[in-house]
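Colleague: I'm new to this one and would like a close look at a single part. Could you walk me through the helix and the aromatic rings around it, and then the strands that come after?

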Amino acid sequence: MKYSSIVYGVFGVIAMLFAAGCEKDATTEGDDGNEPLQGETDSDTGMDTGDDTGTGEDTSDQTVPTESEDEGDSESEINTDSQKVAICGNGELEQGELCEDGNAEDDDGCSANCQIQDPKYDCSNIGSACKVISTCGNGVLEGFEACDEGAENVTDGCSADCETVTDGWFCPRPGRSCVLLPVCGDGERTKNETCDDGNTNDGDGCSSMCEKQDGYYCTPGEPCIPQVCGDGLRAPGEQCDDENTEDGDGCSKDCEVEEGWICPPSIPCITDCGNGKLDGPEQCDDGNDDADDGCERCKVQAGYDCGEDGKTCVETVCGNDKKESGEGCDDGNLVAGDGCGPTCQLEPDIAPGPSPAVALVCGDGLVTSDEACDDGNLDSGDGCDSECAVEPGWQCEDRLIYPDSLTIKVVYRDFKQRTRTGGHPHMKDPSVNIPSTVDDLGMVGEVCTADNTDSCGTLDEDGKPFLTNVEDHPSIVAGSPAALDDAYHEAAFALLYRDENLTVLDAISQTATGAPADTDSDSAAVQDENLIEVIVNPEPMPELGVDTLALTRIDETSAYVFESDNNLFYPLGTNRTDDPVEMRGHGCTFDETADECDTFAASQGTERNFHFTSELRYFFQYRGGETLTFFGDDDVWVFINGRLAVDIGGIHTTRWGRVTLGDDGAAGEADDSTCSISGGNSEPDECELEEAELADDDDVRFGLVKNGVYEIVVFQAERMPTESNYRLTLDGFIAPRSDCFTVCGDGEVAGTEVCDDGVYNVDGYYGKCDTNCELTYCGDGRIQNEKEACDNGLNVDPPWAINQTTAAYSCNDCNLPGYCGDGQLQSAFELCDNGEQNADDAYDGCATDCQFGPYCGDGIIQQGKETCDLGEDNAPYSPVPGGCGYDCQPAPYCGDGIRNGIEQCDLGTDKNLGEYGGCAENCTLAPQCGDNIIHYAYGEECDDGPIGSLACSVECKKRFTVE
């Protein structure tokens with residue numbers, strides 16, 4: 001037991017005895033003033049007084065003489081009427097009084113009837129005012145005080161009179177605030193508790209020791225609730241909850257925000273766009289919010305590439321053999337028709353034939369009937385997903401990119417003229433009239449119109465033109481020997497656009513008149529074992545590895561043109577001084593001897609490689625109004641979707657042709673085209689489609705339907721060595737692809753939008769989505785000065801930090817946490833906090849961990865400042881030597897020779913022997929005259945208190961009166 005408890009117990013008994021002794025005075029019936037007080041014996045005082053004799057013998061049975069037996073007193077009577085009555089307040093301690101402070105007032109230590117002595121006061125100086133033993137509120141434990149917080153009781157731990165410590169509180173030091181003790185189950189979460197749900201049951205989320213169990217969230221005083229990651233409800237113990245338990249989407253399987261992500265409340269996680277790192281689906285992150293620098297809201301802008309790290313954005317370069325952002329391909333060139341288009345867009349595969357099959361795939365940039373979008377790639381997260389569906393919150397529109405030039409792949413095939421070994425019978429010798437120089441339409445069928453779609457010219461199964469009605473075409477058969485029948489001419493014609501000849505022999509024996517040179521031959525017009533020679537893609541090939549036609553964009557229009565007139569179209573070689581082209585393939589083939597070739601060259605002005613064909617194949621997406629305009633000599637045939645669209649066949653000078661798609665007559669009618677021409681002698685006049693044709697969804701001539709993707713093929717042949725001119729104009733044949741973007745205000749959060757409340761987007765309100773679909777909120781990593789003290793993106797740090805440095809990097813609900821050293825007492829975490837005055841060596845101060853520094857009462861003797869320290873056992877008074885006071889100096893004790901507090905006496909340990917008239921060992925008065933108890937063993941005859949009475953003297957002797 002603590003010393004203070006012992007002292008309080010002893011003094012309490014003494015006070016009760018004193019009070020009991022005052023309940024009846026000397027004049028009370030049954031009390032003659034010579035007997036002990038009613039119901040009271042020596043043992044009732046609680047003092048260790050020994051026996052009446054001081055010898056230790058038990059004299060309780062000693063015979064006490066009665067009045068009738070008292071010799072000499074038989075005739076005497078006590079004059080009770082003259083007995084003196086005690087007067088409280090007269091300054092004299094009289095019979096029956098327990099205290100006397102010179103007044104008859106209450107609440108000053110001695111009661112108004114002098115019967116009660118308040119234990120808070122020392123009333124040992126009779127006749128003088130009692131002295132206050134303790135003062136509640138002075139910050140010092142005195143008297144019977146159990147606590148004293150100082151001038152201001154700042155907690156509910158210490159009662160108003162400083163006598164009681166409230167249950168559940170701990171008051172460790174005088175002058176300091178009391179601390180709420182952790183009481184598990186009281187519903188208050190206090191120091192060292194991780195939860196308190198108001199009970200001490202296990203298995204409900206908060207254990208019987210008030211420790212939070214895994215998987216629960218606990219609010220103080222409320223039942224704990226299971227914390228289920230993935231239920232879509234962000235519990236305070238979770239950093240995020242996105243309705244799943246998957247990693248990689250910003251909110252991990254443990255509901256923690258993943259690095260590089262931000263998870264605003266109530267909306268899906270978004271990447272931390274602007275942190276300079278690629279996170280999640282970000283295409284780029286250059287660490288800034290600048291627009292038009294290639295990276296906007298972490299999405300690569302059209303025409304830019306931001307590298308593998310996404311930081312440095314530069315304008316993309318289609319044709320650098322590096323597939324960059326937004327490109328579907330990059331094969332190192334800008335050639336159309338080789339699988340990767342001039343805008344680095346994938347080109348579809350086409351199966352040739354009379355009805356070419358175009359293989360469309362998602363990612364080729366062509367939005368077809370079963371696709372909602374196609375941005376030329378298979379990347380999701382950019383508005384058009386990997387299945388060419390528009391992603392929620394995005395809009396996609398067709399975007400046309402017009403390069404400055406359009407280079408299209410072309411295949412050249414080189415031949416010899418008909419009179420040379422391996423020559424082709426349809427390639428004219430300039431000195432021979434065979435075949436005829438003539439416009440020769442219809443060689444590959446009739447041009448398709450709205451009236452003849454079932455009978456017009458088409459391509460064969462290999463996607464090549466084929467000769468029809470041989471004998472009707474003088475540029476083919478005129479003057480040929482009869483032995484060169486239709487089948488032979490058809491086979492020879494087919495070789496014009498094929499890469500290899502395995503069966504067709506040449507016809508080199510023809511004379512100028514057409515007569516066979518070798519009349520003994522069975523075939524007369526053919527020579528055995530000599531095949532018609534064809535060289536496809538003649539060497540040396542251009543640097544690109546393919547032959548091309550480079551079309552130049554006409555101003556800012558959608559039209560591109562290749563033009564080589566004035567006898568300049570010699571892609572396989574010419575020694576013309578103003579425009580030389582390296583000789584390829586057969587070279588100059590007028591004669592096998594250089595001299596004869598030179599002779600012809602002299603008449604023409606230069607050597608040239610005539611006798612070749614070209615084949616150009618491309619695709620387009622039909623939208624209506626596309627136009628091909630061209631001229632050529634000799635033959636030019638254009639097929640669209642496998643059907644003949646333009647015919648300027650024959651051996652002739654420059655002829656014109658044009659086809660405008662959609663020009664199939666009025667909608668719903670079978671009118672012939674009005675803009676399309678074949679074989680014109682001059683450039684056709686401009687022509688516009690009728691409104692009905694523009695509104696029509698198809699072109700019945702070629703089986704075209706709007707938004708469908710089709711093949712266009714241009715076949716050309718240079719068969720006459722005098723001139724070579726070629727012009728091709730394409731207008732509207734560049735295919736669009738999807739450009740996708742988010743729309744702030746559509747109510748869908750998409751792309752780098754943080755939020756989108758649709759029509760409720762509003763600027764200037766904290767926590768509201770603004771008209772840029774951005775949100776200022778606790779958790780956006782930006783401090784809103786008027787609303788937030790901090791914002792580190794998560795803001796789930798504890799509400800208290802061990803020091804200022806830790807607090808500076810912590811944030812709780814966008815409020816700076818309290819910390820040890822801020823001068824504010826956080827009682828759940830600290831015992832004290834003196835701010836900058838915290839120091840580990842500050843006596844009676846606060847340490848840097850906000851626990852009490854060295855102080856009187858910590859159980860450790862601080863040299864130079866304390867003589868003793870018993871910690872919680874420090875007390876203002878000790879019943880035995882060796883106690884320690886609240887000032888950490890030796891405590892007053894019974895036996896120190898000084899009457900302290902409510903001690904009745906103290907003569908010192910060697911004199912507190914309990915002798916009659918002296919002081920007992922426990923510092924209560926020993927038996928003595930005046931204590932209202934008759935001690936016969938010590939010669940007392942009576943005892944009416946310290947002032948005696950009319951019947952009993954102050955020496956405890958009877959007074960006698962004579963009648």
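Modeller: Here is a walk from the whole chain down to one helix, its ring pairs and a set of paired strands. Keep in mind that this is a predicted model. The protein chain has 6 helices and 35 strands. Of its 963 residues, 45% are buried. If you take the contacts between residues at least 6 apart in sequence, 49% of them join residues at least 24 apart. The chain exposes about 46,100 Å², and carbon and sulfur atoms supply 47% of that area.

Now the helix. Helix α3 covers residues 486–495, and its buried residues are Tyr488, His489, Ala492, Phe493 and Leu495. Those five sit on the same side of α3, because they cover an arc of only 150° around the axis. And what do the buried residues of α3 pack against? They pack against α2 (474–477) and β24 (635–640).

That brings us to the rings. The structure holds 16 aromatic pairs. One of them is formed by Phe493 and Trp637, edge-to-face, at 5.7 Å centre to centre with 70° between the planes. This pair links distant parts of the chain: Phe493 belongs to helix α3 and Trp637 to strand β24, and the two are 144 residues apart. Both Phe493 and Trp637 are buried.

Another edge-to-face pair joins Tyr570 and Phe610, with 5.0 Å centre to centre and 90° between the planes. It too links distant parts of the chain, with the partners 40 residues apart. Tyr570 is in the loop between β21 (559–564) and α4 (594–604), while Phe610 is in the loop between α4 and β22 (612–621). Are these two rings buried or exposed? Buried means under 20% relative accessible area. Tyr570 has 2% relative accessibility, so it counts as buried. Phe610 has 1%, so Phe610 counts as buried as well. There is also a cluster, in which ring pairs link Tyr412, Phe562, Phe569, Phe612 and Tyr726.

On to the strands. In a regular strand the side chains alternate between the two faces of the sheet. You can see that alternation along β20 (residues 547–553). Asp547, Leu549, Leu551 and Arg553 point to one face and are buried. Thr548, Ala550 and Thr552 point to the other face and are not buried.

Which strands pair with β20? Strand β17 (residues 405–414) runs antiparallel to β20, and 6 bridges join them. In that neighbourhood, Val410 stands opposite Asp547 in β20. Strand β21 pairs with β20 in the antiparallel sense too, over 2 bridges. There, Thr552 has Val561 of β21 as its bridge partner. β20 and β21 form a hairpin with 5 residues between the strands, and Asp555 in this hairpin takes a positive phi near 50°.

One last stop, in a loop. Glu105 lies between α1 (3–21) and β1 (121–122). Its C-alpha atom is separated by 9.5 Å from that of Cys88, a residue 17 places away along the chain. If you set aside the neighbours within four places in sequence, Glu105 is in contact with Cys110, Ser111 and Ala112.

How values were computed:
Residues are numbered from 1 along each chain as its sequence is written. This is a predicted model: local features need pLDDT of at least 70, side-chain atom pairs count only at pLDDT 80 or more; totals for chains, interfaces and linings use all residues. Side-chain values use heavy atoms; hydrogens and water are left out. Helices (H or I, at least four residues) and strands (E, at least two) are DSSP runs, numbered from the N terminus. Buried means under 20% relative accessible area, exposed over 50%, partly exposed in between (1.4 Å probe, protein chains only). Contact means heavy atoms within 4.5 Å. Accessible areas come from the Shrake-Rupley method with a 1.4 Å probe; for residues, only the protein chains shown count as cover. The arc is that of the directions from the helix axis to the C-beta atoms. Rings of Phe, Tyr and Trp (its six-membered ring) pair if their centres lie within 6.5 Å; planes under 30 degrees apart count as stacked, over 60 as edge-to-face and the rest as tilted. Two strands pair if DSSP finds at least two bridges between them.
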